[in-house]
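Work through the exercises below with the model in view. Try each one before reading its solution.

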Amino acid sequence: MKKWIAVIIGIILFNSIFAENGYNLWLRYNVIDNPTFLQQYRQQISSISCPSDNGQLIAAHQELQKGLSGLLGKKVPLQMSVINGTVMMGLPSHLPFIKTLVSDTVLARLGNDGFIIRTIKHEGKNITLIAGNKEAGVLYGAFHFLRLLQTQQSIQQLNIISAPRIDLRILNHWDNLNRTVERGYAGGSIWDWQRLPGYLDQRYYDYARANASIGINGTVLTNVNANAMILTEPWLQKVAALAGIFRQYNIKVYLTARFSAPVEIGKLKTADPLNEEVKKWWKDKADEIYRIIPDFGGFLVKANSEGQPGPQNYQRTHADGANMLADAVAPHGGIVMWRAFVYSSESPEDRFKQAYSEFKPLDGQFRKNVLIQVKNGPIDFQPREPFHPLFGAMGQTPLMMEYQLTQEYLGFATHLVYEAPLFKEVLNADTHSKNNGGNVAQIIDGTADAHVLSGMAGVANIGSDINWTGHPFGQANWYTLGRLAWDHTLTSAQIANEWIRQTFSNKKAFVDTVQQLMLASREIIVNYMTPLGLHHIMGYGHHYGPAPWYNKAPRADWNPVYFHKADSIGIGFNRTTSGSNALAQYQPAVRKQFENINTCPENMLLWFHHVSWNHKMQSGKTLWEALCEKYYNGVDSVRWMQRSWSKLRSYIDEERFVQIQQLLNIQEQEAVWWRNACLLYFQTFSGKPIPAGYEKPDRTLEYYMGLSFPYAPN
Ligand code: GCW
């Protein structure tokens, strides 16, 4: 009894005294603060056994030891002998009894990365078995087991089978070689190029652990706006040092390939993908890379987009370019991820339509080891976009999803926005390209068209800030990418729930409140930034704050006015047959729904229709009134988030509590800024008053238009 009282007092002291800076992410491993679970776990876990010393198994048992010892508040030793309570890790090749326990069909289903976790009796002892076909599976199983404890689940009768639905689960870093990060809001790049390869920062290990814990198995180290220098030998040695660490955690390294590299670092006169010398240069370069990094993953390429060089500079197609690189890496098992984020510098065509126009005709022309990486929506990571029309339109080509974790258009690292609902909305969208089973999730996991390769990428929100992501809740978006790529059937609520429990606390009142807040946060930002289908109305260049009035960009489709098209009649982009007809890029069923102003979902309305200010919405309100209502609701909801958060002080460490409180205060001010600036500006077209009862904007439109931000990050 005395012992338990001491333990409980210890827990309380531990949790309240130690400030947390967020560095440990969701892998904190603090002592379990629930006496019932602590007792159960202590009874059921005594030791760890691991029969081999392959790199990834070392990582697995080291993590288990660290995690279990922390969570149980006592040392859990690694030992050969099996006793009651051993957590046994291994593969069928080490532990033949696994074959008698698990059928061949189940083992086959696990693939390379899947695992089973089972409570069994082995040689008369009660043990927990964590097994996979390959070391990687065991590693993922170990992390899953730790997650069960961290989220305080029963581990008494485990019978878990888990395998990833998507093969390539990848972070894209937009990190430059000078350690700036494009659209990075959490400090500089974590890649300390100058001191690599000699100095291996502890951060690289912790980065790898965090990724492995959520199943991420690839990282593109460099910005898609690429620098050819990374492909030169001294830099490849630095990359090899990182790859050496990441390999132990089953993470492959990829690089961005600058298409003009043969000219810039190869001294060739051309980078024409059909030129023999160019082809040879890339083959030789690939051979060199694989000599230095034998398990190099391959290339990610942004070509002929926003000024980047590409095959079209030589009148060749995206397929010509991608295939040339694919042939260079194919002998080594490498892949090419070719981005579909393109819009021509001359084309006056609705920007919405351009990726489809360029890529759809190339379906069937790509090599087997090419994936086309498509952003979730047709424009650019806006708070809400319809699904990209390429999904469901290129059945012969594996399409990868590209999400943006870094919050370029979602309030930088200042606003609390949980992105899972945004990601899920797109995954759940039915492309109607199949009678059955043609939603975006099935397109990208390869099941819709029986593709061998499948992938999901997220543009990283990671930087050198102590807590990795700037906003403590940014960590949840990184976490979500891994969990969804592993299993896209998980709900936003499930992912939020497990993240909160691991990152902050298992206390029900805390979990419930924060989960509610997270689930609502995406719709809240849509409301105060871009309600009813508005898009791309942010500040020019840096994208900080609202600037719907902006019309000075060097090209039309960088201007907010191009996207909202407000005039005295109404607002919105007509993409129906009487307008740009972008809707023709969707399957008839989708097109039909969006084309009709009465069946178009109201949250997408202004994406597709130029709508009169007096248009009657479903609520009976006019469009203008509905717009005002959304903007005001958005701000009110941020105030609700502030109030909810302020009640949670006693549940977590003071340091993170105060950080989040301060960030919510800024979010509230910026939400008001968005609301006032947008409504005052749109009012100059609608000519209508802001309905009575709403607080009046306390600044003028001129004030907002006069603001400038020369040092906003970009
Ligand atoms: O979202 C836009 C960003 C650019 C980015 C580009 C892209 C890396 O504003 O900074 O460039 O998309 O995805 O290529």
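**Exercise 1.** Into which domains is the protein chain divided?

Solution. The chain splits into domain 1 (2–162), domain 2 (168–491) and domain 3 (527–573 + 610–705). These bounds come from an automatic or database domain assignment. Next, take centres over C-alpha atoms: domain 1 and domain 3 are 47 Å apart.

A note on the numbers: this is a predicted model, where local features need pLDDT of at least 70 and side-chain atom pairs pLDDT 80 or more, while totals for chains, interfaces and linings use all residues. Residues are numbered from 1 along each chain as its sequence is written, and side-chain values use heavy atoms, without hydrogens and water.

**Exercise 2.** Describe helix 6, a DSSP run (H or I, at least four residues) numbered from the N terminus.

Solution. Start with its length: helix 6 covers residues 135–150, 16 residues. From first C-alpha to last it reaches 23 Å, close to the 22 Å expected at 1.5 Å a residue. That expected span is 1.5 Å times one less than the number of residues. Now check burial (under 20% relative accessible area, 1.4 Å probe, protein chains only). Of the 16 residues of helix 6, 16 are buried, so the helix is largely enclosed by the rest of the structure. Just after helix 6, Q152 has a positive phi of about 55 degrees.

**Exercise 3.** Which residues, of the 15 around the ligand, come nearest?

Solution. They are E182, K302, R339, D380 and E408. Then look at distances to ligand oxygen atoms. A polar side-chain atom of D380 lies 2.6 Å from one. For a side-chain N or O atom of R339, the distance is 2.7 Å.

Notes
Near = heavy atom within 4 Å. Polar contact = N/O pair within 3.5 Å; in protein donor to acceptor, adjacent residues only side chain to side chain. Helix = DSSP H or I, 4+ residues; strand = E, 2+ residues; numbered from the N terminus. Buried < 20%, exposed > 50% of the residue type's maximum accessible area, 1.4 Å probe, protein only.
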